[in-house]
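Subject: Handing over a structure, with notes

Dear colleague,

I am passing on a structure that you have not seen before, and my notes on it follow below. Please keep the sequence and the model open beside this message as you read.

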Amino acid sequence: MKMFDPHIHMSSRTTDDYQAMRREGIHAIVEPAFWMGQPRTHIGTFEDYFLSLLGWERFRASQFGIRHFCTLGLNPKETNNPDIADGVIALLDRYLDKDGVVAVGEIGFDDETAAEEHYFQLQLELAVKHELPVLVHTPHRDKKAGTIRSLALVRDSGIPEERVLIDHNTEETLPLVLDSGCWAGHSIYPNTKMSEPRMVALVQQYGSERIIINSAADWGISDPLKVPKTVAAFRAAGIAERDIETIVWRNPIRFFAQSGKLDIAEAEASLDVDQRQQWQGNSVLRGQQPQVDTLDQ
């Protein structure tokens with residue numbers, strides 16, 4: 001079964017992770033723009049980061065047979081930095097039309113400050129302007145209140161709810177998101193957020209419609225193989241194969257295809273691997289023997 005991890009921060013992962021992900025059946029990913037663990041201090045660092053998501057990281061994924069898409073946005077943590085926030089919004093207005101950008105995100109709330117709400121609204125406006133879906137981060141603290149507040153801003157923005165993916169859901173927030181008409185994402189983590197058994201229980205209760213799972217793996221304690229591990233848990237619990245395929249392949253493709261930059265037929269086809277290729281003079285090999293084939297052979 002082909003799998004799609006629609007929220008994973010591969011810029012902070014190794015090439016070993018790409019190899020392991022492809023072996024386990026992950027054929028496509030979406031990498032949302034993220035923060036770096038400490039505040040960025042210059043607008044130019046955002047531009048270089050956006051360019052890396054559109055360039056090197058997309059190339060690096062392709063070298064292991066994985067299609068790479070990204071979302072661009074000002075992360076909620078960084079909206080509280082007045083020295084850079086407006087400049088990043090101006091930058092986004094130039095970059096959101098580029099190939100490979102399949103949504104605005106991840107945007108939303110962290111500490112639920114006034115600045116976070118202001119830039120959440122501005123980025124919803126950018127999504128409407130550029131006719132893109134939106135990936136919304138729900139806060140780790142006081143998640144239910146933050147989700148309710150997020151859904152109200154989405155509703156007031158005029159963006160169609162079917163073009164909004166509310167992420168990092170729990171048992172408490174999932175029914176609110178499904179009732180709103182938005183899509184519901186769930187991040188499966190080793191020790192926090194959502195676990196495989198909890199996700200099994202949610203699918204048994206709510207089914208597969210507008211349900212998405214991801215690893216949200218980054219530079220912290222996380223696991224880039226949580227999508228295939230959750231698939232194994234689904235199977236062990238007797239969830240139907242058609243529902244599993246819907247959750248881990250068809251749903252993320254349907255959602256991000258709304259951007260007009262993800263071709264469904266192309267995504268369904270396996271990606272050839274040719275590690276003789278380079279990106280701006282660089283390769284993933286470091287002197288090793290290149291692999292030239294398709295991984296399905």
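A residue is called buried here if its relative accessible area is under 20%, exposed if that value is over 50%, and partly exposed in between. Please bear in mind throughout that this is a predicted model.

With that cut-off in hand, strand β8 is a convenient place to begin, since I211 and I213 point one way from β8 while I212 and N214 point the other way, and all are buried. The pattern fits a general rule, namely that in a regular strand the side chains alternate between the two faces of the sheet. Strand β7, which covers residues 183-187, pairs with β8 in the parallel sense over 4 bridges, and at one of these positions G185 has I212 of β8 as its bridge partner. Between the two strands the chain passes through helix α8 (residues 196-206), and the β-α-β crossover made in this way from β7 to β8 is right-handed.

Two of the helices can be described in a similar manner. Helix α6 runs over residues 143-157, and because its 15 residues at 1.5 Å a residue should span 21 Å, the 21 Å between its end C-alpha atoms agrees with expectation. Its buried residues are K143, G146, T147, S150, L151, L153 and V154, and these cover an arc of only 160° around the axis, so they lie on the same side of α6. R155 and D156, by contrast, are exposed on the other side of this helix.

Helix α5 (residues 114-130) has 17 residues, which at 1.5 Å each should span 24 Å, and the 25 Å between its end C-alpha atoms agrees with that. Buried in α5 are E116, Y119, F120, Q123, L124, L126, A127 and H130, and because they cover an arc of only 155° around the axis, they too are placed on the same side of their helix. The face of α5 turned away from the buried side carries A114, E125 and K129, which are exposed. As general background to both helices, an α-helix has 3.6 residues a turn, so residues three or four places apart point the same way.

I also looked at the aromatic rings, and a search of the whole structure finds 12 aromatic pairs. In one of them, the rings of F34 and W219 have their centres 5.6 Å apart and their planes at 35°, so this pair counts as tilted. The pair links distant parts of the chain, with F34 in the loop between β2 (26-32) and α2 (43-54) and W219 in the loop between β8 (211-214) and α9 (226-236), 185 residues apart. The two partners also differ in accessibility: F34 is buried at a relative accessible area of 12%, whereas W219 is partly exposed at 45%.

Another pair, F46 with F50, is edge-to-face, at 6.3 Å centre to centre and with 65° between the planes. Because F46 and F50 are 4 residues apart in helix α2, about one helical turn separates them. F46 is buried, with a relative accessible area of 1%, and F50 is buried as well, with a value of 0%. These two residues belong to one aromatic cluster together with Y49 and Y95. Over the face of Y95 lies K98, at 5.0 Å from the ring centre, and elsewhere K193 lies over the face of Y189, at 4.2 Å from the ring centre.

Finally, here are some separations across the fold. D142, in the loop between β5 (134-137) and α6, is exposed with a relative accessible area of 53%, and its C-alpha atom is 9.0 Å from that of D111, 31 residues apart in sequence. V284, in the loop between β9 (273-274) and β10 (292-293), counts as buried at 16% relative accessibility, and V284 and F59 are 9.4 Å apart, C-alpha to C-alpha, although 225 residues apart in sequence. A232, which lies in helix α9, is partly exposed at 43%, and 34 Å separates its C-alpha atom from that of K77, 155 residues apart along the chain.

With kind regards

Terms used:
Residues are numbered from 1 along each chain as its sequence is written. This is a predicted model: local features need pLDDT of at least 70, side-chain atom pairs count only at pLDDT 80 or more; totals for chains, interfaces and linings use all residues. Side-chain values use heavy atoms; hydrogens and water are left out. Rings of Phe, Tyr and Trp (its six-membered ring) pair if their centres lie within 6.5 Å; planes under 30 degrees apart count as stacked, over 60 as edge-to-face and the rest as tilted. Buried means under 20% relative accessible area, exposed over 50%, partly exposed in between (1.4 Å probe, protein chains only). A charge sits over a ring if NZ of Lys or CZ of Arg is within 6 Å of the ring centre and within 35 degrees of the ring normal. Two strands pair if DSSP finds at least two bridges between them. A crossover is right-handed if, with the strands pointing away from the viewer, the path from the first strand over the helix to the second runs clockwise. The expected span of a helix is 1.5 Å times one less than its number of residues. The arc is that of the directions from the helix axis to the C-beta atoms.
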